Amino acid sequence: MKTRYLDAGTVARMIGEYGTVRVLELLARDIRDDYLRWPEFEKCARMAHHSSMGVIELMPVSDGRRYAFKYVNGHPGNALSGLPTVLAFGVLADVATGYPLLLADLTLATALRTAATSALAARAMARPGARVMALIGNGAQSEFQALAFHTLVGITEIRAYDIDRHATDKLMANLAGVEGLRVTAAGTAEAAVRGADIVTTATADKRRASVLRPQWLAPGTHVNAVGGDSPGKTELHPAILRQARIVVEYEAQTRIEGEIQQLPASAPVVPLWQVLSGARPGRETPEQTTVFDSVGFALEDFSALRCLLDLALATGSGQDVQLVPELADPRNLYALLAARTRAAEPAVATS
């Protein structure tokens, strides 16, 4: 058996040829299907190594048939060195044998699955007919969030704001050709938010911040909080949380890393899987403020990996590599060395 390998260039080419919007739709379908199987998954909060520069994390999950993990970082200062803020790769393996089926770059797929999950939550939580979204933070995540909300939710107008105007200009240039979507630059975060149906916050700084304040929000606004994803890193003023209906991916992880780290441990939250299944409503009244406290969960990467594998097999993308050894006698691992040792030994002269 061999492992399908998808490097960064192959993933980008495959998604580009298949179509970014179509891949977002596939991811949204697969993520929803997997959340509806929530009780089948063995779950845990991700394991994180924090430093003053950023965080490196491992995110494992299994449904008993396949096992997946993602390696991912978050280093806000990377941009100053010409490196992406977020880098990721992942493995999808067969539980019965432990054999790795797929090794893939997940940097692009992480942005896509985050956006697809945000849009899924918004479809269940935002008021019907939402058309205007404020997008605060116009970095690497922003185009994907905008495309997902346009494609899957029906957003037609994006009001974009970033403390770095170059980031907003980049966003507007990248989305200039998207039919039916108008992107405009706002002079302040408040100007972007006033009157918006949905507000997405996707900032990168690793600190406690209040990029969104309660007095800016109209009754019934849905907030998609994406940027707060580690201890000590938040985006929302706590007063927003205290008055909102809050939906989370995996409570044990979100209590540590999400916006709700600002609230008492007893503060009520609603699991996303129960909202997607219809067991609990995403919102209770039209005037209610709703918050999707999104930190990213391993189940979404499980969905992304199986989606990438399906696409790779369907399109013939990537290459099969011998990632782990293939042995004639599985109990004779030393044979791998023995053959090479004999080949490397110098010939002994005989008289």
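**Notebook: a sheet and a pocket**

I started with helix H1 (residues 8-18), which lies across E1 and E6 and runs at about 80 degrees to E1. Contact here means heavy atoms within 4.5 Å. Axes are lines fitted to C-alpha atoms, for helices over the stretch in contact, with angles from 0 to 180 degrees between N-to-C directions. Helices (H or I, at least four residues) and strands (E, at least two) are DSSP runs numbered from the N terminus.

A note to self: this is a predicted model, where local features need pLDDT of at least 70 and side-chain atom pairs 80 or more, while totals for chains, interfaces and linings use all residues. Residues are numbered from 1 along each chain as its sequence is written, and side-chain values use heavy atoms, without hydrogens and water.

Next I looked up the strands under H1's entry. E1 (residues 3-6) pairs with E6 (residues 100-105) in the parallel sense over three bridges; pairing takes at least two DSSP bridges. Leu6 has Ala104 in E6 as its bridge partner. I then traced the open sheet of seven strands, E2-E3-E4-E5-E6-E1-E17, and found mixed pairing. Its edge strands are E2 (47-50) and E17 (319-321).

Last, I checked the largest pocket (an open set of points on a 1 Å grid over the protein atoms alone, where a 1.4 Å probe fits, with protein on both sides within 12 Å along at least five of seven lines; lining residues have an atom within 4 Å of a point). It is lined by 49 residues, and Thr85, Gln141, Ala202, Thr203 and Ala204 lie nearest its centre. H3 gives the most to this lining, with six residues.
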